[in-house]
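Please walk through the sheet in this structure, starting from a single residue pair and working outwards to the whole arrangement.

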Amino acid sequence: MKRIIYILDDDRRSFAYERVKGFCRAVKNTETPANLYIFRSNGFAGYDKAHNCGEYNIYRLPDFNDFDGIILDINNSHNTAENIYGDIGASYVMRAAAASGKPVISIGNNIEGFYYIGIDNYSAMTSVITYLHEELGLNDFWFLMGPVDNYENRIRTKALREYCEEHGIPCETSRFYFESFDMESGINGFKRLYSLYNGKLPQVLICANDPIASGAVRTAGDMGIRIPKDLFVTGFDNQDISKYITPSVTTVEQNRHAMGEE
């Protein structure tokens, strides 16, 4: 019986469970019997430090040497800052997994020395801004992005910057806002850029994910800004929240079941 450990930091994200379902479905189709052991944490930016420390200490419970394979699903912004939570978060998990000598798959985060499973964030984000620019003729953007140390956010930001630079589209630092992947980032980011530009709106607000877009849409609406008449807004990841944003925003699908199967 193969023993597989799955370290899951879901951060209240339901799509993490879709990857688990995809993995289990693939295992059932193999001839190798396996047990999946899930160690799940639920840290969140809005929780206090003591709560999050308790959540991330869950990672210290397993002995990685006891397993045949390791899956890390920890692409989360709240457990990477060692100066906040100490050595109990993602940094600990990565070292412990590597030290075990067992095969490690990292989902959504390209970590040196581990196998990587994830979408092509660069081409996906490039397709968003390409459509807005080439098909709709838009060239004035603000960018509400996630945490600066997050792998997916870095690649999405790189795609936007390089496209703008290549096509002569304004992309100075003041047009970017970085915080987290939460709704609060959209709220805070929109207010910050709106104030910085003295209420002069761009044509499009590109967001790193759907919760950010949701926060921005809500904040803009409270200011009397009409979307999409006054401002286009895009999201990313096609998370559950995207189904409830009114008005709806463009988003990018991730086939999470397929990622789990892969």
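**From one bridge to the sheet**

Arg3 has Asn35 as its bridge partner in S2. This pair comes from a predicted model. Beside this pair, Ile4 stands opposite Leu36 in S2. Strand S1 covers residues 2–9, and eight bridges join it to S2, the two strands running parallel.

Strand S1 also has a neighbour in strand S3, which spans residues 69–73. Five bridges connect S1 and S3, and this pairing is parallel as well. Ile4 appears again here, standing opposite Gly69 in S3. Ile4 therefore has a partner in S2, namely Leu36, and another in S3, namely Gly69. Strands of a sheet pair through backbone hydrogen bonds, in either a parallel or an antiparallel manner.

How many of the eight residues of S1 are buried? Six of them are, so S1 is largely enclosed by the rest of the structure. Buried here means under 20% relative accessible area.

The wider arrangement is an open sheet of five strands in the order S2-S1-S3-S4-S5, with parallel pairing. Its edge strands are S2, residues 34–41, and S5, residues 115–117, each of which pairs on one side only. From one strand to the next, the twist averages 20°.

Key. Residues are numbered from 1 along each chain as its sequence is written. This is a predicted model: local features need pLDDT of at least 70, side-chain atom pairs count only at pLDDT 80 or more; totals for chains, interfaces and linings use all residues. Side-chain values use heavy atoms; hydrogens and water are left out. Two strands pair if DSSP finds at least two bridges between them. Helices (H or I, at least four residues) and strands (E, at least two) are DSSP runs, numbered from the N terminus. Axes are lines fitted to C-alpha atoms, for helices over the stretch in contact, and angles run from 0 to 180 degrees between N-to-C directions. Buried means under 20% relative accessible area, exposed over 50%, partly exposed in between (1.4 Å probe, protein chains only).
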